[in-house]
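Here are some short exercises for getting to know a new structure. Try each task by yourself before you read the solution below it.

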Amino acid sequence: AGRKYFLLRSGSVPTSYKLQHPSADVREFACASISKLLQQKQTIPAFVQRDVVRCLGPMLLDQSLAVRETATGALRNLSACGGFEVCDDMVTKDVMTPLVALLKECRAGLEESNGSLKEGKDTNKNYIEDIAYEAVNLLWNVCECNSTAVSIFNKEDCLHILLQYLKRFQTNVDLAIAVGVTWNIKNTLPSASQAGTINAILKIFSECLAIDAGETVIQMKEAETERLKSSAELEPEANIAEVDNTVLKEDEEMEDVPKEAPKGQNDCNTQEVKQVSALLLAQQTALEIIVNMCCNEDPSDDEWEELSSSDESDTFMDNSYDEGGTLLSPLCLSAEVHTALMNHLVPKKILEKTAFPSSAAVDICTHSPAWKPLIKKLNMVQYRALTCLHSILLVSDVDCLGGASVLQSLSHHLSQLIFSQPEFSTQVEFLEAVTSALRALLQMLASNNISQNMTPEQLMTLCEAGIHSSNISVRVNVVSILGIAGSVLAKVEDTAETLKMIGKFLLDVATKDPSLVVVGEALDALFDVFADGKEAERAAEQIRLLHILREFQPVFKSRIRKEGKGQYSTDQLCVLDNVKLNLRRFIAYQEALERKK
């Protein structure tokens with residue numbers, strides 16, 4: 001990362017890059033030049049025509065480690081920027097043969113040298129680890145695009161190579177990304193080995209999530225202070241302040257381009273920051289993959305047909321929406337994954353990660369410019385843990401999570417998270433994640449007749465803050481939360497006043513929200529709250545529920561007709577049509593109640 005890469009002049013693609021030159025520096029320069037140019041999509045067809053894959057393929061096994069890294073990085077850029085057709089061509093041109101050989105050599109190198117093999121010109125650089133990182137990303141790209149690559153992956157037993165990487169570097173971001181590869185190809189694994197694979201992956205996740213990131217920040221900052229102190233004693237002229245003036249680049253934003261250190265910046269100046277950053281990104285990635293483990297990515301046609309034809313209003317309660325309000329598929333969890341999650345105590349460790357970052361760690365990061373970007377990463381781990389908790393709640397039952405008392409404690413924990421932060425309504429990502437988790441928890445509590453300890457006033461405070469969010473998912477969540485709470489309260493005596501408050505809120509959302517997704521959720525919540533019971537009937541009459549819904553019904557139909565096709569997906573329109581049908585039936589039901597009086 002500390003080497004300087006030189007760009008060739010723009011223009012026509014040169015005919016020779018001296019890839020066979022006896023000097024390793026010249027070969028490295030040639031690979032680096034190609035790597036830079038391959039980031040420009042307009043140059044890719046010319047390189048493909050000149051058979052760049054077969055030119056660079058042998059360089060993956062070059063005698064020079066620096067050449068291996070730059071050549072692998074160049075092919076990674078080609079796979080990332082070229083798209084599906086280019087990845088297919090790369091597999092056809094046999095990129096997998098040198099790539100698999102490289103992965104095996106990296107595994108052997110890591111085992112023999114503990115990943116510390118270096119070349120003389122850069123003794124601070126970990127070449128084997130960096131080569132493995134580029135190779136795994138190249139493997140990931142081609143396996144996502146090409147089934148032949150996946151077949152070769154299985155035939156060459158690459159899975160065990162990746163698992164060895166994971167066991168060696170449990171907190172290393174490179175190997176966390178490698179587990180992304182493993183889960184993406186899980187369906188191609190023999191059924192007999194899937195359980196063992198899942199257990200191996202979750203064991204790594206469990207160990208990774210068990211590390212206290214806040215304590216790690218404190219320890220690494222102390223280590224940095226000691227290192228700089230020792231360095232200052234050896235080199236009095238050294239400018240120690242240089243570290244804190246360094247702005248750390250965000251790794252996620254640079255994921256698909258070669259990374260370079262700022263000019264004049266030595267890697268060791270931020271090595272502690274990089275270690276903490278690697279841990280945080282590994283924990284974030286582990287949490288994201290656990291969410292994927294809980295997710296059925298491709299619902300069958302039968303599932304969607306059942307969803308669209310169902311008459312039950314609770315159909316909509318078990319769906320989730322992404323940040324843009326797009327309907328996601330129902331979640332499920334296989335027995336193997338569920339057992340492995342529980343065996344490794346993953347839910348407990350996920351719950352620990354839902355807490356706010358250590359104030360001491362945040363304080364350290366706040367007062368040091370080089371460490372400040374870590375605050376965002378600390379927060380992101382919390383957000384992903386809350387999302388992970390949401391997924392686990394959706395696919396688990398009460399007993400496997402520890403029983404009613406555990407769920408009530410969880411309800412208290414989530415309410416503390418929300419109300420301990422006065423500015424929670426401005427933190428959109430936190431609000432989205434915590435309301436998703438709370439929604440799933442309240443649904444589980446209500447379905448199992450378990451009481452929750454949030455007061456109606458607290459729920460209204462949360463919902464009034466959330467409904468003004470620009471994030472559609474937040475608005476959907478708070479409306480659903482009120483619907484769940486209201487349906488429970490409707491069965492309790494002397495709750496008419498609270499139900500009136502909830503009903504007015506939901507009617508206001510249904511008739512005024514700009515998103516039909518939120519409107520549909522608000523109507524669905526009204527159906528649940530006022531479905532049955534004397535308290536609900538009294539409240540409905542006092543807020544003129546029937547009258548308002550009668551007037552709104554043609555408006556809702558018109559909005560679906562006018563806005564539907566241009567702004568919403570087929571799946572969303574399917575749900576909205578079902579809401580429209582239920583609205584008609586609910587009005588008829590309320591009219592029948594009125595006639596009986």
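**Exercise 1. Decide whether Arg-68 is buried or exposed, and find what its side chain reaches.**

Solution. Begin with the accessibility: in this predicted model, Arg-68 has a relative accessibility of 13%. Buried means under 20%, so Arg-68 counts as buried. Next, place the residue: Arg-68 belongs to helix α4, which covers residues 65-92. Then follow the side chain, which comes to 2.6 Å from the backbone oxygen of Asp-62. Finally, list the surroundings. Setting aside residues up to four places away in sequence, Arg-68 touches Met-59, Leu-60, Leu-61, Asp-62, Leu-102, Glu-105 and Ile-131.

**Exercise 2. Describe the chain as a whole: how many helices and strands does the chain have, and what share of its residues is buried?**

Solution. Count the elements first: there are 26 helices and zero strands. Then turn to burial: of the 597 residues in the chain, 52% are buried. Last, look at how far contacts reach along the sequence. Taking contacts between residues at least 6 apart in sequence, 77% join residues at least 24 apart.

**Exercise 3. Find which backbone atoms the side chain of Glu-535 reaches.**

Solution. Start with the location: Glu-535 sits in helix α24 (residues 534-542). Its relative accessibility is 10%, so Glu-535 counts as buried. Now check the backbone nitrogens. A polar atom of the Glu-535 side chain lies 3.2 Å from the backbone nitrogen of Thr-495, and the side chain also reaches the backbone nitrogen of Ala-496 at 3.0 Å. To complete the picture, leave out neighbours within four places in sequence: Glu-535 is then in contact with Ala-490, Val-492, Glu-493, Asp-494, Thr-495, Ala-496 and Leu-499.

**Exercise 4. Say what is notable about the phi angles of Asp-494 and Asn-449.**

Solution. Recall the background: most residues other than glycine have a negative phi. Asp-494, one of the contacts of Glu-535, has a positive phi near 60°. Asp-494 is found in the loop between α21 (472-489) and α22 (496-512). With a relative accessible area of 71%, Asp-494 is exposed.

Now take Asn-449, which is not a glycine and has a positive phi of about 55°. Asn-449 lies in the loop between α19 (428-447) and α20 (456-466). Its relative accessibility is 72%, so Asn-449 counts as exposed.

**Exercise 5. Work out how α21 and α22 are oriented to each other and which residues meet.**

Solution. Two packed helices are described by the angle between their axes and the distance between the axes. For α21 and α22, the angle is about 150° and the axes are 10 Å apart. Angles over 145 degrees count as roughly antiparallel, so α21 and α22 are roughly antiparallel to each other. The crossing of α21 past α22 is left-handed. On the α21 side, the residues are Val-479, Leu-482, Gly-486 and Leu-489; they meet Thr-498, Leu-499, Ile-502, Phe-505, Leu-506 and Val-509 in α22. Sorted by class, this contact of α21 with α22 has eight nonpolar, two polar and no charged residues.

**Exercise 6. Do the same for α25 and α26, and give the classes of the residues in their contact.**

Solution. Helix α25 (residues 545-567) and helix α26 (residues 570-596) pack at about 165°, with axes 10 Å apart. That angle makes α25 roughly antiparallel to α26. α25 passes α26 in a left-handed crossing. Among the residues of α25 in this contact are Leu-545, Arg-550, Phe-556 and Lys-557, while those of α26 include Leu-573, Asp-577, Phe-586 and Glu-594. By class, the contact of α25 with α26 holds 11 nonpolar, three polar and eight charged residues.

**Exercise 7. Find how α17 and α18 pack, then locate His-412.**

Solution. Helix α17 (residues 373-395) packs with α18 at about 150°, and their axes are 14 Å apart. α17 and α18 are therefore roughly antiparallel, and their crossing is left-handed. Gln-382, Leu-386, Leu-389 and Leu-393 in α17 meet Leu-407, Leu-410, Leu-414 and Leu-417 in α18. These residues divide into seven nonpolar, one polar and no charged.

His-412 also lies in α18 (residues 404-419). With a relative accessible area of 39%, His-412 is partly exposed. To finish, compare sequence and space: His-412 and Gln-452 are 40 residues apart in sequence, and their C-alpha atoms are 8.1 Å apart.

How values were computed. Residues numbered from 1 in each chain as written. Predicted model: local features only at pLDDT ≥ 70, side-chain atom pairs only at ≥ 80, totals over all residues. Heavy atoms only, no water. Helix = DSSP H or I, 4+ residues; strand = E, 2+ residues; numbered from the N terminus. Buried < 20%, exposed > 50% of the residue type's maximum accessible area, 1.4 Å probe, protein only. Polar contact = N/O pair within 3.5 Å; in protein donor to acceptor, adjacent residues only side chain to side chain. Contact = heavy atoms within 4.5 Å. Axes fitted to C-alpha atoms, helices over the stretch in contact; angles between N-to-C directions. Parallel < 35°, antiparallel > 145°, perpendicular 65-115°, else oblique. Left-handed = near helix turned anticlockwise from the far one by under 90°. Nonpolar A, V, L, I, M, F, W, Y, C, P; charged D, E, K, R; others polar.
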